[in-house]
Amino acid sequence: MAAIIDIAPTNASRPRKATSDSLVSRVLIIGTAVGFMGLMFVLPLVVIFQEAFRKGWEGFVEAFDDRATMHAIWLTLKVAAITVPLNTLFGLAAAWCVSRFQFRGKRLLTSLIELPLWVSPIIAGMVYVLLFGAQGLFGPALKEHGIKIIFALPGIVLSTIFVTFTFVARILAPQMEAQGQAEEEAAMTLGANGFQMFWRVTLPKIKWGLLYGIILCNARSMGEFGAVSVVSGHIRNKTNTVPLHIEVLYNEYQFVPAFAVASMLALLALVTLILKTLTTTRRGAA
Amino acid sequence: MSIHIHHISKTFGSFQALKNVDLEVKTGELVALLGPSGSGKTTLLRIIAGLEFADAGDGSIQFHGTDVTNHSAYERKAGFVFQNYALFNHMTVAENIAFGLRVMPRATRPDREDIDKAVTELLRRIALEGYGSRYPSQLSGGQKQRVALARALAVGPQVLLLDEPFGALDAKVRKTLRKWLRQFHNETKVTTLFVTHDQDEAFELADRVVVLHEGDIQQIGSPQQLREHPKNEFVADFLDCVMI
């Protein structure tokens, strides 16, 4: 009897769990995971910055002293500034729809939300060329009215919207479904109208998830290459976004400028990662 | 304020939750909707609040003679208390209670001091003075439910609807709250309709009890009437008394 009582206080080592593995397998599994991450993600990041600073700080700064580069950055910011707010609205609407209403075709809508994840971005670009290009379905009509979509800003924005649509909706829909709508109902019986209910009750509940979706949407819209590449036409000082411009620089053997601009995107990814981690913790805490 | 329910039916898909229900709740009455799960009692309560709408037909709901059948929940402003409290978790207790006052249109909204005063008074009534700055997550179940009640009462509703208000609480707290609610009702005389599957609760609290089964009203009467003269087999069986 005494022995049984003694076990707990004297056994200082960690209690052995049924699911714990032996030391060897633990080292192997963790080692593989860390090694893989290092080789595939950390090393490339280091290389980008190393190449960007090959000619020192001055070389790095010089890379941005270029009209085409500055134009590409400006264009990318513009595209993100249009895309992110729109997709935040679309995402909210879609998540609201899926989580609050039962209707025919709900499954279809749910899978359509994920479409951008399993369709190659190049197809996203192609469909808009087929629709709005010179030989496309609406091409002649658009030309008649002097509207240019393909090889211009509207086309870039459209294909970016397509590619980044999924993020806000995909994060919010399951969250809103899980939270249910009792609080919204309570707000209504207390006399809140639709807007007050959304602003004072729903939004505070989903704000971290929403922010997380916006961050991811922004990162992707600034970094999208494939879809934009098809519709942009790669016109320097006109329709080259940052990712496209990096490719141009690289193909012209301008390695330092190419990597300097690329390091901007890498930095964006790192900032996104940090913000994502922060919002995820807050989301867990809330 | 009285509630008049006339010919209300509700179907979910192929399931008929309510079948032609007629019910009248008089001003100042405390009425219990009693029945097993799936008997339609919560559905009926939600239809009265405007959180759910009855099937189209000749059914109607009147609040004190005014037809509110097609009014939305926020127009009806029936005080509603949910089984799982449905407190706003990101707001303090005081903010929760003040919510209904703060969302009023500017013209009728009381000013900040009056809202604060009203909140303090309600906190006193639910015996939670000094809890105003806490968050719902810091309260016990019984405290949460009292806050939910205060929140519903803050806007001065003429009808109070309670959906299994003590369902999620342990037996002891439930008993205390029951007593407290009865006393509270005696003081305020707000027309109250509450849903329960616990016959003791219904009998102890209510002036009249409505027994529901499979979307049909089986019997309406005072606790004594029901106990002494159950109208049919189901009522007798459910109330666990012998048919005479």
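Trainee: At roughly what angle do the axes of helix α4 and helix α9 of chain A cross?

Mentor: Keep in mind that this is a predicted model. In it, the axes of α4 (residues 67–100) and α9 (residues 166–179) of chain A cross at roughly 30 degrees and come within 8 Å.

Trainee: What makes α4(A) roughly parallel to α9(A)?

Mentor: Set the value against the cut-off. Angles under 35 degrees count as roughly parallel, and the crossing here is roughly 30 degrees, so α4(A) is roughly parallel to α9(A). The crossing of this pair is right-handed.

Trainee: Which residues of α4(A) and α9(A) meet?

Mentor: Among them are A:G91, A:L92 and A:A95 in α4(A), and A:F167, A:L172 and A:M176 in α9(A). By class, this contact has ten nonpolar, four polar and one charged residues.

Trainee: Now for another pair. Why are α10(A) and α11(A) called roughly antiparallel to each other?

Mentor: Use the same kind of reasoning. Angles over 145 degrees count as roughly antiparallel, and these helices pack at about 160 degrees, so α10(A) and α11(A) are roughly antiparallel to each other. Their axes are 10 Å apart, and α10(A) passes α11(A) in a right-handed crossing.

Trainee: What classes of residue are in the contact of α10(A) with α11(A)?

Mentor: There are four nonpolar, one polar and four charged residues. The residues that meet include A:E183 and A:E184 in α10(A), with A:R200 and A:K205 in α11(A).

Trainee: Which elements give two or more residues to the side of chain A that touches chain B?

Mentor: You have just met them: α10 (182–189) and α11 (194–223) of chain A. The most comes from α10(A), with six residues. In total, 14 residues of chain A are in contact with 19 residues of chain B. The chain A side divides into seven nonpolar, four polar and three charged residues.

Trainee: Let's move to the strands. How do you know which are the edge strands in chain B's open sheet?

Mentor: Look for strands that pair on one side only; here these are β2 (15–25) and β5 (66–67) of chain B. That fits the order of the four strands, β2-β1-β4-β5, with antiparallel pairing.

Trainee: What makes β1 and β2 of chain B a pair?

Mentor: Strands pair if there are at least two bridges between them. Seven bridges join β1 (residues 3–12) to β2(B), and the two run antiparallel, so they qualify as a pair. As a landmark, B:T11 stands opposite B:Q16 in β2(B).

Trainee: Which strands does helix α1 of chain B touch as it packs on the sheet?

Mentor: Helix α1 (residues 41–49) touches β1, β2 and β4 (60–63) of chain B. Its direction makes about 120 degrees with that of β1(B).

Trainee: How many residues lie between β9(B) and β10(B) in their hairpin?

Mentor: There are two, and B:E214 in the turn has a positive phi of about 50 degrees. The strands, β9 (residues 208–213) and β10 (residues 216–221), pair in the antiparallel sense over five bridges. Across the pair, B:V209 stands opposite B:G221 in β10(B).

Trainee: Last one: how is chain A divided into domains?

Mentor: Domain 1 is 21–52 and domain 2 is 55–285. Their C-alpha centres lie 29 Å apart, while five residues of domain 1 are in contact with eight of domain 2.

Technical notes:
Residues numbered from 1 in each chain as written. Chains lettered and ligands numbered in written order. Predicted model: local features only at pLDDT ≥ 70, side-chain atom pairs only at ≥ 80, totals over all residues. Contact = placed C-beta atoms within 7 Å. Axes fitted to C-alpha atoms, helices over the stretch in contact; angles between N-to-C directions. Nonpolar A, V, L, I, M, F, W, Y, C, P; charged D, E, K, R; others polar. Parallel < 35°, antiparallel > 145°, perpendicular 65-115°, else oblique. Left-handed = near helix turned anticlockwise from the far one by under 90°. Domains from an automatic or database assignment.
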